[in-house]
Amino acid sequence: MTHPLPPDAVETAAVEHDLTVERLDALLARVADYFRGKERALERQYEAVVDADDGRVLLADAAFWTRTGDALGYDEAETAAVRAGHEATLRLAGRHEERDAEFASALEIRTAVVLGR
């Protein structure tokens with residue numbers, strides 16, 4: 001099981017939510033498995049803001065991770081850590097693409113969803 005988030009984003013979210021990197025990797029891998037086969041539907045429903053060779057980052061409604069966490073049986077802390085990892089990925093992309101302010105504003109009302117290829 002793997003997931004599309006970069007190590008820096010995972011480490012940031014793990015520290016922020018007092019989880020080991022290994023535990024968060026496992027949670028993120030389950031999310032990636034859950035999304036497998038749903039990518040096209042998600043891409044139709046949500047706006048893609050980053051499109052890279054190895055994946056895409058979408059902006060979804062603020063309740064997206066609550067619904068996803070519930071579907072996977074995650075508790076609030078696990079769901080928050082997964083959300084933080086996905087949002088950290090968008091922030092990293094924002095720094096790389098010089099779109100920091102744009103993505104920070106977007107995350108005030110929406111959340112990030114990273115899909116691998």
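Q: In a right-handed or a left-handed crossing, how does helix 1 pass helix 5?
A: Helix 1 passes helix 5 in a right-handed crossing, a crossing being right-handed if the near helix is turned clockwise from the far one by less than a right angle, and left-handed if anticlockwise. This is a predicted model, in which local features need pLDDT of at least 70 and side-chain atom pairs count only at pLDDT 80 or more, while totals for chains, interfaces and linings use all residues. Residues are numbered from 1 along each chain as its sequence is written, and side-chain values use heavy atoms, with hydrogens and water left out.

Q: Why is helix 1 called oblique to helix 5?
A: Helix 1 (residues 7-16) and helix 5 (residues 76-96), both DSSP runs (H or I, at least four residues; strands are E, at least two), pack at an angle of about 135°, with their axes 8 Å apart. That angle makes helix 1 oblique to helix 5, since under 35 degrees counts as roughly parallel, over 145 as roughly antiparallel, 65 to 115 as roughly perpendicular and the rest as oblique.

Q: Which residues make the contact of helix 1 with helix 5?
A: With contact meaning heavy atoms within 4.5 Å, Asp8, Ala9, Ala13 and Glu16 of helix 1 meet Ala81, Ala84, Gly85, Ala88, Thr89 and Leu92 of helix 5.

Q: What makes helix 2 and helix 5 roughly perpendicular?
A: Helix 2 (21-35) packs with helix 5 at an angle of about 80°, their axes being 10 Å apart, and the two helices are therefore roughly perpendicular to each other. Here Arg23, Leu24, Leu27, Leu28 and Val31 of helix 2 are in contact with Glu78, Ala81, Val82 and His86 of helix 5.

Q: Why does Thr79 count as buried or exposed?
A: Thr79, which lies in helix 5, has a relative accessibility of 8% and so counts as buried (under 20% relative accessible area; exposed is over 50%, partly exposed in between, with a 1.4 Å probe and protein chains only). Leaving aside its neighbours within four places in sequence, Thr79 is in contact with Trp65, Thr66, Gly69 and Tyr74.

Q: How do you know where the buried residues of helix 4 lie around the axis?
A: In helix 4 (residues 64-72), Phe64, Trp65, Thr68, Gly69 and Leu72 are buried. They cover an arc of only 120° around the axis, which puts them on the same side of helix 4, the arc being that of the directions from the helix axis to the C-beta atoms. Among the elements that cover these buried residues are helix 2, helix 5 and strand 3 (110-116).

Definitions and conventions: Axes are lines fitted to C-alpha atoms, for helices over the stretch in contact, and angles run from 0 to 180 degrees between N-to-C directions.
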